[in-house]
Structures are given as structure tokens and as C-alpha cells.
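Please study the structure shown below before attempting the exercises. Each task is followed by a solution in steps.

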Amino acid sequence: MNFVSSEYALLLLVTVALALLLRGRIVTYVVLAASVIFYGWWSPVYLWLLLAVIVLSWLGALVVDRWRSRTVLTLVIVGELSLLLYFKYAGFLMANVRAASEWLGLSYVPAVPSILLPAGISFMTFQGVAYVVDVYRRELEPVRSLVDVALFKSFFPQLVAGPIERGRHLLPQLRALESGLRDRVPMARGTFMIMKGVFLKFVIADNMATIVERVYGDVAGSSPLDVALAVYGFSIQIYCDFYGYTMIALGSALLLGVQLINNFEHPYLATSIQEFWRRWHVSLSQWFRDYLYIPMGGSRVSLPRHLFNLLVVMFAVGLWHGANWTFVAWGAIHGTLLGLHVLWRRVSGRIPVRMPMMIGAALGWLVTFHAVTLAWIPFRSPDFATPALVLDKLWQWTLSPVSFDSSIYGLPFYLWLVAVFIVFEVIDGTVELDRRYAQLSIPAQAVALFAFCLATYLGPLKEVAFLYFQF
Amino acid sequence: MSESANNRRFLIAAALGFAAFFAVDSYLFAAEGFRRAMGDATQEGQVLRKVERAAGQAAIADVIFFGSSYVRSGISGEPFLERGLVPFNFGVSGGAQVYDYFALQRIAPELTRRQRKPRLVVEFKTDALLKSKDNLWSEYPQYIAIVRSRTVMLRNAPVLWRHFSDYGMTSQFISGVMIPSSIYRSHAVPVLGADATHDGDFYGPEDFSGYSALYTVATPSMVLSGREEPAPLADFYPAKLELLRRFLALAVSTGCPITLYQSPTMMMGRDSRVLDSLFEALSVEFPGVEIIRTSDYHLEIADFDEGRHPNIRGADKISRQLIPLLGLQSSEPLEARMRAGFDAAVLPPFEQWTLTGAKAANGELAFEAQDRLGSVIAQSPPIDVRANRDWVLEFATPEIRGNVMVAVSWQDAETGQAREVTSVSQLQSPPWDGSARFFLRSRPKSGTVVVRVLDYGPLAGREPVSGRLKLLRLWSNR
């Protein structure tokens, strides 16, 4: 079920209403039923997969807790990852084996299986791995009740695109559902977060997608200015898409009395690439930090090993996003940028002259934002030929940036959206809008809600799936 | 302040905010607010404009056609009129079973009242009915344009839900019930970014009967291949079939004779048996329903346009062949019926016009390229019309080289500003080599209009026009 859909609005409304009215174990069942409807809405067939992931995590944690052996833990993790490997990477793997066979002139040319990627499998798997590892590390008691694990794994606001919640953070909150929600649900704040998310996704990201899709669909035929607009446009699109999703997830969970991890801390305001990764997709960064980077030694190793660790982790982050070398390239670029940042910090520490703080921050922001924006090019591209074409067009644009040769239909509307995004991001970065909204007077709250409803007229007619749903 | 007190405050605010929004939604949808601001060149505008004149035309028509653009642009009015018959083309772009059913509901009371029943011809289209991965016949804009009441939406909710579910559009369906004006979301970019207005017509103006002409010519490479054998019933969209059945049941209840019409495709008649199993099933349920297959009439490749629809030559050809196939005969005096359905403006003969480079002869205007200096060829004296009514000026070019533009202008009674709408003949490439008819619809806010004939060549940097032009009629639905 798409978050920005009438079905979801109704599901959330009914679930919240029931959760507010009821008390006791029934609330758990209500939210679990809503989660099953939410996931099964697209294709009920994949409910078996959800069930498999739930049972695997439930049993795995109990087994790991009982035997406390590294081998058992490894087996359970392999079990969790095998589903991900099959659904997400089997086709990619076989395509590469096939390409290698053809290149080597071998007679064995395997067929590439066509496997439909179930929504949210990467998120579910990583949450499952984190759960059993936390139990193994004695950071979390294993949950005996299958229903409780089922709700933890399938809690609908975070089911298909995160945040990747840890057991120790989410489980106690889900248990508290049974004690009733009345008097502890901040309705205004939760609703405002949903409104903010819908605005970012529906009005800004989905409209921006129109330009981006058209230009990336025909880079060769697009003018340099249009390619530049699409490159910046995608930077805005992916952020508004994922941040919008996260806001709806957080707002929905809040209406059920659950506080999820905030995945975004205004990453485009970051003044370094390291800071960017502390602000972008926070739950994924933390997952890789806790379960891969630190076990590999993190930064407490020699400089070459530290740089190697960063590269490996970011390679894995890229691969996690999608079974395509373009995602791997995106991860490798970020790994390189993080490595360069480490080196720069070492070098800059030895430079005796200091730049004024403001200028340093502004320069840092400028470099970081553009590095991140350029790195999105392979991420958005379907193949490796496209980034080369895009970069060539961007180069042409930098040679004559004042040329206004654009064929984008309705360009002023999109420029208006960019302006709204910048203003919104700056205000949202300085003031906590959702908390402020809850403190407004009744007429002001009503006017803001009304204005938000009117703004939905700016969204496209047909719903557009969230980008991160495919990961 | 406690959380429960905060929540109480918010619930009051939410009730106020949503109430205000529902009021806006209600106003926009009920008052057709966007149409007023943006004109008729939207899917909704096309449907609403057609529905406005539907009851009047249904009251006098000998035959009423329902369906998609293959009907709207595929069955022309003139051949019927030549044989003393009044057609009403109720087809709209993208219309199929959803639109047809609700369109029939709009005129069913009128049809039931009528003594002499018109024949109802409903399109029976393979593309729309057969299940396919990228089927384009969701009919959402058509549905929301013709069903203007939540009661009707809810009364038909089960079948509509199934229908829109086949197209992955249940969310839009629910939005349509909750906030019907959400359909106007599709206009954000044109309104705010493209500086575009929706004045004019959605996919071309229509003639008196509701027909909209196409003028390009298809090439042999555009001939299609596809399924030729009868499709089993399981291959059809169940909800579309249910709506077709509902249409037939309602049509039967009005007492009108019914024909299922397989509209033309560029399979050139080879697909004529595809719908046979469905027709057999329907003819058991609705005895007396007739069928016209694509093999029952004959078209050539040159009768289609570049979009694979019948062009004006093809539409004229189909209309001429349909008249005997439908068994239509004129039994009542045409003039009296037309007077009942239309207001006709008196068009002054060309001899009374101001001619600057043209000659009037035999009711026609003849013009040569070398006869004039400016672009105006002829200008009529003021012509009396009824203000704020939809008027259609139909003109023909029996012979022409180049492009002629016809303009209808008036002085807006409310604003005092001069307004003008125009239509250009034979703008297509390659140039149309035969005679053709053109239609120009306007809604003058004035009691008089002036018609001008202009040479479009100099205006568009092309060769000057020469040829002959004939004004057919300036009509308005009563």
C-alpha cells in the first residue's frame, strides 16, 4: 500500500481510532492486522515471505540465545540473508556470471532468472539480522511471543522502507500499546509530520520526477541546461521522496504512540561528507556502523586499513540499495569521498592558517552538496553509458550556464517548487516545525491544515511509488 | 497543557480545516470551478460540454452513438443530415463501458419519454474490453467528469471498485468519492508553469452532431497485426462486461433498439471475430441486440489518420455505410426536428460581405492568391446570435491550396473586450488533397458576431491560399 493513497489514509484512520478506543492485547492484534493488510495490499502472495522472515527472526533469536555459539549465529544470519540474496541478487549474480562466461568465450552461458523483488525485503532482512545479533551480544532479551515478534517485524509504518528499527528501541514501545493510547498520543504533531511528508513526496518529489524521468530518458536529446536541471532535480527528488516517506512513517507511528528513529537530519545542510552520512538515512548508517564498520575495526586501525574499511562499507551500502553496478559505483564514490575527507582532516590539521568559520562552513557546504548531487548521477542512471553522457552535458552547461535553451514543459512551476523546497528546508532546519505546529492556536492549526489540503492540488494525478520501496 | 487537552484542541482545528477544504472541494466540483477558470479544453470540459446538449439532442436524434474517440472522430454527422437523419454522437476521447453507462443514464429519461425511439449504437471495442498488461482504458477522467454525484459513485461502488482495481487505480477511486475535485490535480503544471489556458476544445471542436474531425493520413506501415480468433470470455475485464450489461439492460428499459458497433482498427477488418464469444453470450441475455463488425463496412488505409483513427474521409465513409446497416430511415420532416433541437443563425450571403480579394458565386467564396494585399479575404456583416450559448460554425472547402483561417469575433458584453476564436483549414502535412469540412465552436458573450475569412499563409510564413469556401451553418443547441 502506498503511503500517499486514499487506502492508506483510511487504514491509518481506522487503526488509530481502534487503538485509541481499545485497551489490552487486542490492540497488538489490531495493529498486526493493519500491518498484514498494508503489506498484502500489493500482492497477498508475498505475505508468506513476511511470515518466513518473522518466523526466522523469532526462532533464530531463541536458538542463538539458547546456544550462544558463533556458528549458530552465522547460520541464522545466513538464513536471514539467503532470502535477500535470492530475491534481490540472484538475477544480478547470474547476469554477471553470464557476462563473464560470454567474455571468456565459455560454452556455459547460464540463464538469468527474472525474480520480482518483494517490497521492503532489504529493510526486513537488516532488521532481522540486527535483532539476532543484539540477542547474541546480550543487548536484548529474545522475545518469546511470536505475535510480538510479528508486530516488531511488520509494524506497518516502518515495514517497507524503514527506518531500520532496533529491537531495544521499538519492542518496548510496541508492548506499551496494550496499556492504551489515550492521553499519550500527540495527534497534532503526528498529523503535521504526515502532512509534511505528503507535501514533500507528493508535491515536490513526484512533480520533480517528471522532469528527471524525461531528461534521463533522453539525455542525448536534452539541452545542457535541462540536464543540469535534472541533475539538481533528482537530488531534490530523492531527498523529498525518502524524507517525505520517513515523515509519514514517523507521523503514522506517533499516532500509535510509537516514536521511530528520525532517518533524516537535514542532510543537504551538511558541511562535510562525514556529516552528510550522519544526517542521511541515519538508521542505515548506524546499522552498517554497528554491524560491519566497527566489527571490521572502524577507524581505530592504521590509516590504509581505515580507508579500506570505509570503501568496503560504502561498497556494501551501494549494493544494498540495488543489484546493479551503478549503485555499487555510487557507494564507491561515497567511500572515496569519505576517505578523502579523512585525509583532508589529517592534512588540514597541520595547516597553521585557519579560515574564518563562516567561510569554511559555506565552502564545505558547497563542496559537499555538489559532491553528493554529482554522486547521484550513477545512482539514477540505468547503465554506465548514461553518467558519461550526463557529465558531458553538464560540462557543456558549465561552459555557458546562462544559456536558456530549455524544452521542459511548465519550467516556471518546477523552479517554483525548487524555491519552496529551499525555503522549507532552511526553515525546517532551524525551527522544529512539527513541535511548533502543535503549539499553535486552534484557528492557526486549522488554517495550516486547510492550506496543506489545498496544496495537494499541486500533486500529480496518478500516485508515484516511493523510490526506496524498490530497495 | 496535557496531551489530551492538546488533542481536543487539535481535533477542533482538524474539523475546521477539513470542513473548509470540503467546502472548497464541493464548490470546485459542483460549480465546475476549474472549467470556468480554464475553459473546455480538458477531458472534463469535453464531457461536460457534451452532456449539456445531450438531453436536447437525444430528444430529436434518430441514432445515438456511444463510445470512444473512434466513435467521436469516426462517425461524422453530415452524411446523416444529407439523408434527412439526425445523429447524436455521444462518444468522447477515451470513453468506454464506464463512460457509456453513465452517459446513457443522463439521457435515459428523455429516451423513455420519446414515442419514436432512436437506435442506440454502443461501441464494442477489443482494446478496451480485453485484459492486457498496459491497457489504457481506465476511463478515470471520463468517469469523474460524467458522474457528478457521490450518491451515484457509492451506489455503483462495487462494480467501479472492481473496474478501477483492474487498472491499479483504487486510490484514485476512493479520492474521487472523498474529494472529487482531486481530478483537478492534473492541471497544476499547465496552470502554474506553462502559462497555458484551456480555452478551446479537447481534441478538436465538434460539429452539430458531436463529431470531431481528423485530417491526417495513415501510411501502410501503420497497419496493425493482432488477435484474430474469438477471445474466450475469461479474457475480458469482468467489470467492463458488467458495465456493458448494465448499459444494455438500461437501454432495453428505454425501449430503444440497440446495436453493438465494433469500431474500426488498422487491422483492416481481420479482427472482426475477436468479440464473437462475447456477442454470443450477450445476445442470449439481450435478444434483439444487433452487431456490426469491422468486416461489415470497408475502409482503406487512407481512411485512417496518423493516430490510427478514421480521418474525416474515413468517418464520412463509415457513416454512409452505417445508415443502411443500422436500417435508418427518415420518417419525420428533418427541418421541424432540427428547429426543435437547434437555433440556426441567419448567415448573410457572401454578396453582402466585405470582400477584399474574393468573389462570391453560387453560395461560395472563391479567392485567388494574387487578388489581395492583406490577409483578410472576407468579412461578414454582424450576425445575430443568442449570447452565452455554444455556437458551431461549420464550413467546407470544396477546393483549396494553402490554408484558410476562419474567425468568429465579438465584443464581450461584460468586459467590453474584443474576443475571437479561429479555425485553420488543412494545417496538416502532407497537405490534405480532398475537400473537407471544418468546425469552429464559440460561446460569444454578445448578441452579434462577425465572421472573417483570412489567408493563413502570410500569417504562418507559407504560400498564400487560393480556392473555394462554403459556409454550411451556424447552429446552437437549444
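The exercises below treat a helix, a surface patch, a strand and several salt bridges.

This is a predicted model, in which local features need pLDDT of at least 70, side-chain atom pairs count only at pLDDT 80 or more, and totals for chains, interfaces and linings use all residues. Residues are numbered from 1 along each chain as its sequence is written, chains are lettered from A and ligands numbered from 1 in the order in which they are written, and side-chain values use heavy atoms, with hydrogens and water left out.

**Exercise 1. Describe helix α2 of chain A and state what its buried residues pack against.**

Step 1. Helices (H or I, at least four residues) and strands (E, at least two) are DSSP runs, numbered from the N terminus. Helix α2(A) covers residues 25-40, which is 16 residues.

Step 2. From first C-alpha to last, α2(A) reaches 23 Å, close to the 22 Å expected at 1.5 Å a residue. The expected span is 1.5 Å times one less than the number of residues.

Step 3. Buried means under 20% relative accessible area, exposed over 50%, and partly exposed in between (1.4 Å probe, protein chains only). The buried residues of α2(A) include A:Val27, A:Val31, A:Leu32 and A:Phe38.

Step 4. These buried residues pack against α1 (6-21), α3 (47-67), α5 (121-136) and α6 (146-154) of chain A, where contact means heavy atoms within 4.5 Å.

**Exercise 2. Identify the salt bridge between α6 and α2 of chain A.**

Step 1. A salt bridge is a side-chain nitrogen of Lys or Arg within 4 Å of a carboxyl oxygen of Asp or Glu. A:Asp148 forms one with A:Arg25, the closest N and O atoms being 2.8 Å apart.

Step 2. A:Asp148 lies in α6(A) and A:Arg25 in α2(A), so the pair ties together parts that are 123 residues apart in sequence.

Step 3. A:Asp148 counts as buried because its relative accessibility is 16%, whereas A:Arg25, at 29%, counts as partly exposed.

**Exercise 3. Determine which helix gives the most to the nonpolar patch.**

Step 1. Patches are made of residues with over 30% relative accessible area and no salt bridge; like charges are joined within 9 Å, and nonpolar side chains (Val, Leu, Ile, Met, Phe, Trp, Tyr) within 5 Å. This patch has about 950 Å², and among its residues are A:Leu269, A:Trp365, A:Leu366 and A:Ile422.

Step 2. Helices α14 (357-380) and α16 (411-430) of chain A each supply at least two residues. The most comes from α14(A), with six.

Step 3. A:Leu366 is placed in α14(A), and its relative accessible area of 41% makes A:Leu366 partly exposed.

**Exercise 4. Place strand β13 of chain B among its partners.**

Step 1. Seven of the eight residues of β13(B) (404-411) are buried, so the strand is largely enclosed by the rest of the structure.

Step 2. Strands pair if DSSP finds at least two bridges between them. β13(B) pairs with β16(B) (448-455) in the antiparallel sense over six bridges, and B:Val408 stands opposite B:Val451.

Step 3. Seven bridges join β13(B) to the antiparallel β14(B) (418-424), and B:Trp410 stands opposite B:Arg419.

**Exercise 5. Locate the salt bridge between B:Glu206 and B:Arg53.**

Step 1. The closest N and O atoms of B:Glu206 and B:Arg53 are 2.3 Å apart. Both residues are buried.

Step 2. Salt bridges that share partners join B:Arg49, B:Lys50, B:Arg53, B:Arg72, B:Glu206, B:Asp390 and B:Arg441 into one network.

Key. Areas by Shrake-Rupley, 256 points an atom, 1.4 Å probe, with all protein chains shown as cover.
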